[in-house]
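Student: I would like a close look at a single part of this model. Please take one strand and its pairing, and then turn to how the chains meet.

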Protein chains: 2
Amino acid sequence: MAQASTQPARGMRDFLPLDVRRREYVIGIIREVYERYGFEPLETPAVENIETLMGKYGEEGNQLIFKILKRGEHEKTGEADLALRYDLTVPLARVVAEYKDRLPKFFKRYQIQPVWRADRPAKGRYREFYQCDVDVLGSRSMIVEAEICAAAGEALTRLGFTNFTIRINHRQVLTGVLDAAGIPQDKQTDALVALDKLDKIGREGVAKEFAARGIASDAGYNLLSFFEAAGSLEHAAELSVIEGRAETEALNAALLGRLVEFVGDHEAGARGIDELRSIIRYAEAIGISQRIRIDPSLARGLSYYTGTIMEINVPDLAGSLGGGGRYDNLVGMFLGQDVPACGFSLGLERIIFVMTERGMFPESVASSTADVMVTIWSEDSIADSVALAQELRAEGLRVDLYTEADKLGKQFKYASSRGIAFVTVIGEEERKRDEVSLKDMRSGEQRTLPRESVAAMIKESL
Amino acid sequence: MAQASTQPARGMRDFLPLDVRRREYVIGIIREVYERYGFEPLETPAVENIETLMGKYGEEGNQLIFKILKRGEHEKTGEADLALRYDLTVPLARVVAEYKDRLPKFFKRYQIQPVWRADRPAKGRYREFYQCDVDVLGSRSMIVEAEICAAAGEALTRLGFTNFTIRINHRQVLTGVLDAAGIPQDKQTDALVALDKLDKIGREGVAKEFAARGIASDAGYNLLSFFEAAGSLEHAAELSVIEGRAETEALNAALLGRLVEFVGDHEAGARGIDELRSIIRYAEAIGISQRIRIDPSLARGLSYYTGTIMEINVPDLAGSLGGGGRYDNLVGMFLGQDVPACGFSLGLERIIFVMTERGMFPESVASSTADVMVTIWSEDSIADSVALAQELRAEGLRVDLYTEADKLGKQFKYASSRGIAFVTVIGEEERKRDEVSLKDMRSGEQRTLPRESVAAMIKESL
């Protein structure tokens, strides 16, 4: 038979034991922090009806959705009726609409599950990746934004990150700025798309792109000048350099001042500025204000955001470790009635990438599963070894049992290659006296013990 | 805008917080037991290349695979190049072939992930469901079978199941029995398919089906008579009634004797009987022999099994809680070189179904996330409440913060509806004196404390 390819599908990954342990470690900490902030777990299916997803992520998003063929006799139509989850936010909105009567008035949920996007794979960009989301449904208070920033930030801190910055902005403030600069409404999306490339193509490149998109040069000039004056033209990574709390608070206050000046009496914009001010105030009360930087140029792609936008960056990493925002209208698409909502998503893959690069995993995460390996002396003594393994497990130890009566040297070598700390032997002599020989693979020390005291001895030394 | 449907896709489920907590509880115990047996975690992508899966699960399996449309310009071809994971065994075989040099000689892995099958949904049958698999690769020893039975059995025991039976059989023994009965090789699969319906259609129904499938009546009669004599015609559920250890061991010994008699000098069959005998012997050493019953009629559907077949049943449940077997040739389909392998899969959904029906979840699994809810006295005191919530979290408590300055009665009612045990209030008086009022929602008792001792008081009472 022709051999099938053994690689995982393009852009997807197998996780061998050490990989899984690292992922579980990170997920465990994020989950614990999210729970401490009062969030409750939710899980949704990997597969959604295709109409649930289409049209929620913009034109580009539609292209990146993995679509599932109809089955049985309908397969040959080549049509899709299902699709793979593209993010955790749209399924949440569906869930809130479906179970509204069973959920609390303020639904604080976390969800840590994979999503799938048919993006071109690249270094650090996969087609299957985990998101770790927190969202609060049902409240318009900026307490939500502050708490979400605190939760995401604390998760990173607990993982060992010391130098991250949470940039915040506001869709309505952005609109206010664009209006004030004189960008007509039908060109605002274009203007933001162009602005988003500032990092890559520089001020002149953006000006050219403005022209190409039919944005009047004076309006484009106004806009670029404002962002320049607002001091937010730097690359995100530079923004992430930590300053003292007082400096950060002063910087944010100054930016709020400039925004008020520029946006003027633009109603929605002014309300947005007030909301940013509230977030800063609550962040001060929480004690995380030096983490938070207002960035008037921040404009995250997703079309469903209506208010605050947030993003977490660390220095030396293009792209973010996570982001989120307020989306007060998304649930309405399913429920027919708006429910205020705000959320944040930490990107597991990026976090693990940085932690691996920087050696941030504790040593315990790398250790082998088994505390002890039980060897097999001979075919005749298999039952003895099987029983010993079981006794040690009953004492709570993680026990690997060698499964063949190979030469003892080979069995020891195997235990050593696996990094297992203890190995037991029941030879002829030990068997007669109901004893066990126990070797400490780290020190090389070997001693013979009464069978019933082996577990205690291992537990003591681990 | 027309509202999209809010239901999950057909045959799939949303898991609200309590559902997730139950699932996590069960998965946590299974994982802990598997680790105690020395298994290490593996995870594979939800999506596989379509050729990896096609042809591994028989004709019916092929039909039930969810296929993913090609993307971009290829979408309109209506062709699929990817598919959703159908079980955890085929991906494991692929992984073993791909990473052979990096994996230990004996690769003991567990994997707890969802799989997808386009089966017709029914009560307890879903299109997305979790499997909890353990497999040992690289060993032909029956120690593997015994340990896998012990691990699966211990997981069920730890979850509170007291009355399960692990039925075992062997593909080669089955072949030996069929050969001895005079069923020609090209009719053996048909004979097993018919036999599998014995529960539903009875002996006469099976005899009719034999005839319809062109199986000679004397051969069919031989076969049915053997199974009748072997006392294994009862419904699986009846087989699950617990007997004493001695009775079970005697029954198994008697069955082995009958098999030896019937199969005679059929070489592969005799070797299979020896293997069953070894499993029983090791199970005795482990102390689980009263759980294990040889069942010569057991014939699990999957075509890749080559040796032992196993299945766990509880009384009063049609179908099994899990099953597995030995598949020494599957890795060879990917590697071009056989690697002995044996595994077992516990079905998470069935386990949760039975545990829910029987009220087997501990009370702690039902509890709300938050230990305490912090109320908001007024708009002016938001910062105080935000800060208090943060202080309590720093002490390790799980804290929900109400996000609006609603009337206090409303906030208390909300906490009560959520089942949160403690509620804090910082009113005007408390604020002046740096105190906090703490209400125990279970007793109704309320007291005013210095702010710094609130966390300790809550932790003491939880």
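Tutor: Two strands pair if DSSP finds at least two bridges between them. The model is a predicted one. In chain A, strand β2 (residues 47-49) and β4(A) meet that criterion, pairing in the antiparallel sense over 3 bridges. Within this pairing, A:Glu48 has A:Ala83 of β4(A) as its bridge partner. Strand β3 (residues 67-69) of chain A also pairs with β4(A), in the antiparallel sense and over 3 bridges. Here A:Leu82 in β4(A) stands opposite A:Ile68. Strand β4 of chain A itself covers residues 80-84 and is mostly covered, with 4 of its 5 residues buried.

Now the relation between the chains. A turn of 180° with a shift of 0.0 Å along the axis lays chain B on chain A with an RMSD of 0.1 Å. That is the relation of a two-fold axis. The C-alpha of B:Gly78 is the one in chain B nearest the axis, at 1.9 Å from it. Both copies use the same surface, since 100% of the contact residues of chain B recur in chain A.

As for the contact itself, chain A supplies 87 residues and chain B supplies 86 residues. On the side of chain B that touches chain A, the most is given by helix α15 (residues 382-394) of chain B, with 6 residues. By residue class, that side of chain B divides into 46 nonpolar, 23 charged and 17 polar residues.

How values were computed. Residues numbered from 1 in each chain as written. Chains lettered and ligands numbered in written order. Predicted model: local features only at pLDDT ≥ 70, side-chain atom pairs only at ≥ 80, totals over all residues. Contact = placed C-beta atoms within 7 Å. Helix = DSSP H or I, 4+ residues; strand = E, 2+ residues; numbered from the N terminus. Nonpolar A, V, L, I, M, F, W, Y, C, P; charged D, E, K, R; others polar. Least-squares fit on C-alpha atoms with pLDDT ≥ 70 in both. Buried ≥ 20, exposed ≤ 12 C-beta atoms within 10 Å, placed from the backbone.
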